[in-house]
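Okay, everyone settled? I'll put the structure up and then talk you through a few pieces of it.

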Amino acid sequence: MTARRSHTGIGRREFLTRSGLLLGGTALAPTLLAACGGGGDGGGGDGRSVSISNWTSYIDPALNRAFTRRTGIKVTYTEDINDNNEYFAKIRPNLSRNQSIGRDGIVLTDWMASRLINELRWVQPLVEAEIPNKKNLRAALRSPGFDRERTYSLPWQSGVTGIAYNIDVTGTEIRTIDEFLAVEGTKTVLTEMRDTIGLIMASMGIDTDEPTFEKAAPAFDKLERAVRDGRISGFNGNEYVNDLGAGNLAAAFAWSGDVAQITRDNPKVRFAVPESGGMLWSDNFLIPKTSNRAGLASRWINFFYDPANAARLTAEVQFISPVEGVPEQLRKLGGDAAKLVDNPLVVPTEEFLAQNHIFGPLSGKEEERFDERFSQILGTG
Amino acid sequence: MIDRDPEGRKRARLAPWLLLAPGMVWLFLFFFFPLWTLARMSLSSRPSRFANPTFDWNWSNYGDAFSRYGEQFTRSFTYAALATLATLCIAYPIAYVIAFRGGAWKNVLLGLCVVPFFTNYLIRTLAWKTILGDQGPLVEALRSLGVLAADGRLLRTPLAVVGGLTYNFLPFMILPVYVALEKIDPRLVDAARDLYATTWRAFRKVVLPLSLPGVFAGSLLVFIPAAGDFVNAYYLGSAKTTMIGNVVQDQFLVQVDYPVAAALSFVFMAIVMVSVVVYARLLGTEDLA
């Protein structure tokens, strides 16, 4: 090997090497950061603060300040949940070793809550004595399959998964899943497996309360065919929000609250619960087993079960509140908040709720089969 | 007693080791140890889905990685190869012009190539989603020109994914190619011309061979991260354009199957290593600076 090294122009080359490194760093950093996720240590050590993790845009920050004013308990509130699976991967290493995740409260969707409560036992009971407002929990949500007595969980907000579409692009209203598949233009479904496959199962008349892989098989086949033919061109999380507004998407499986927020600015975007029914879900407040401030965390959730506070939360996020007495409080707030009372996606009637389905619990083995089949259709399995 | 060499200089026995130590510690902590952990993980099995995997020489993970994800492996390396080729075609002329015709503007021109990349990687990729969108200006222009069919689209096609990779990794090709070209003594080209070489022949016989080390370095800097990328395929692609990075992400985050994900990563590294060696043989790297 011949070592032929020129020593001229070192200055510039050094500059280039460095800018190359810097550039490499800038390009790779987001990937690495995305993989690691943001850390964060929960609360101070004085015992008068709680640390909560929640999904993005899922609160009115003024409510946290109001809580601190009323109770003197400081709140470290982090919006670091974007996806149930991703968040699970983040907390798993610590919780599986019984180490703190620096959080006293986390908010996860029904099925993930069920996994943490029943399968892994990584959460601790809520402190009943600190939650007198639990009596305001809506009857329909009082005893879900995964937590019959609501010992470990309380719903934060609920919502309905249905179809959102941009009427300018589709040129026609959409009322059923088959109409959704037939309409021209780019369409996407959700990466959240239970929402996507649940809607399709319901449209084929398959019961979703007690799902099994065998029962769901025809729905998976239907989804697979639609992806293969290009009738469904992608899977996403709530990125569909911007694309629908811009007309880059004709239609998408979508979450009610998101759409309620888009339709405020863009009347061309519409939301329909399919005639066969939408999927009804809740995100649940849980206390990790490693938190030693369960009492304070329970006081925090209690605050949001006061109908007046719950109404302010609803006015901001426009999902379905699990708290009774919210419509009356919304009326009291007046203005735009009062108008929400007439929106069935925010204040649903019993009849509206009855036409929706809940995706029942899956056993560990079954869930694995569901996830694998779904990934296969997604192109990653 | 101090050791001295025949000329009476002190023999520093420890110094080289001390100088090496920080690098060795770094390498051990951030390279060998993670690699070893990954290797163990790839040979582990899970008693149940969420249990921590235990090491038991479970080679079947590799079987799974190969048999189930062959399609995504092929796609990843094809896309990465296409993106590398495309970056080369775009970067070489740019680097050439800057190196030989840039004059006093060299640094400014290089800066212009690099500055857009100070924006976050994810944001730049998402911007392409808007540009390539079905109702975006680009698609409409191409449709009216007849390049795209009336229902033709760009977003969620392989073209969009390869295009995204090309765009995102372009500077990694420009910079090394530029460095290689800049090192070339222009008088060599003059000499070739004096010996009656045409411009093209002078380029082919003098400039191109001398710039190959830059091309080699640039290709590696583009090919390796492009093959492992999952962001472009996720945002610009569809279910039919998933790459191996997407599979690893899915195995880690959704299936919670760390052993298979680790095996996939190892297979990926092995393929990259073999292709780099083959490529180095073909191009000859003894002249790499």
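Before we look at any helix pair, one bit of vocabulary: a crossing is right-handed if the near helix is turned clockwise from the far one by less than a right angle, and left-handed if it's turned anticlockwise. And keep in mind that what you see is a predicted model.

So, with that in hand, let's go to chain B. Helix α3, residues 70-101 of chain B, passes α7(B) in a right-handed crossing. Their axes sit 6 Å apart, and the helices pack at about 40°. Angles between 35 and 65 degrees fall in the oblique class, so α3(B) counts as oblique to α7(B). What classes of residue make up the contact of α3(B) with α7(B)? There are 24 nonpolar residues in it, plus 2 polar and 1 charged.

Now a second partner for that helix. α7(B) covers residues 158-183, and α5(B), residues 121-132, comes within 11 Å of it, axis to axis. The two cross at roughly 140°, which makes α5(B) oblique to α7(B) too. This crossing is right-handed as well. Who's touching whom? From α5(B) you have B:Tyr121, B:Arg124, B:Thr125, B:Trp128 and B:Leu132, and from α7(B) there's B:Ala160, B:Gly164 and B:Asn168. Sorted by class, the residues of that contact come out as 4 nonpolar, 3 polar and 1 charged.

Let's zoom out to chain B as a whole. It has 12 helices and 2 strands. Reading from the N terminus, you get a helix, then the two strands, and helices from there on. How does the radius of gyration of chain B sit against that of a compact globule? Chain B has 24 Å, where a compact globule of 289 residues would be near 19 Å. Along the principal axes, the C-alpha atoms fill a box of roughly 85 × 75 × 35 Å. Of the 289 residues, 36% count as buried. And if you take the contacts in chain B with a separation of 6 or more, 68% of them come from residues 24 or more positions apart.

Last stop, chain A, and careful with the numbering here: α7(A) is residues 193-203. Is α7(A) mostly covered or mostly open? Mostly covered: 10 of its 11 residues are buried. Among them are A:Arg194 and A:Asp195, along with A:Ile197, A:Leu199 and A:Met201. Just past the end of that helix, A:Gly205 takes a positive phi of about 75°.

That's my tour, thanks.

Conventions:
Residues are numbered from 1 along each chain as its sequence is written. Chains are lettered from A and ligands numbered from 1 in the order in which they are written. This is a predicted model: local features need pLDDT of at least 70, side-chain atom pairs count only at pLDDT 80 or more; totals for chains, interfaces and linings use all residues. Helices (H or I, at least four residues) and strands (E, at least two) are DSSP runs, numbered from the N terminus. The radius of gyration is taken over C-alpha atoms; the globule rule is 2.2 Å times the number of residues to the power 0.38. A residue is buried if 20 or more other C-beta atoms lie within 10 Å of its own, exposed if 12 or fewer, and partly exposed in between; C-beta atoms are placed from the backbone. Two residues are in contact if their C-beta atoms, placed from the backbone, lie within 7 Å. Axes are lines fitted to C-alpha atoms, for helices over the stretch in contact, and angles run from 0 to 180 degrees between N-to-C directions. Angles under 35 degrees count as roughly parallel, over 145 as roughly antiparallel, 65 to 115 as roughly perpendicular and the rest as oblique. Ala, Val, Leu, Ile, Met, Phe, Trp, Tyr, Cys and Pro count as nonpolar, Asp, Glu, Lys and Arg as charged, and the others, Gly among them, as polar.
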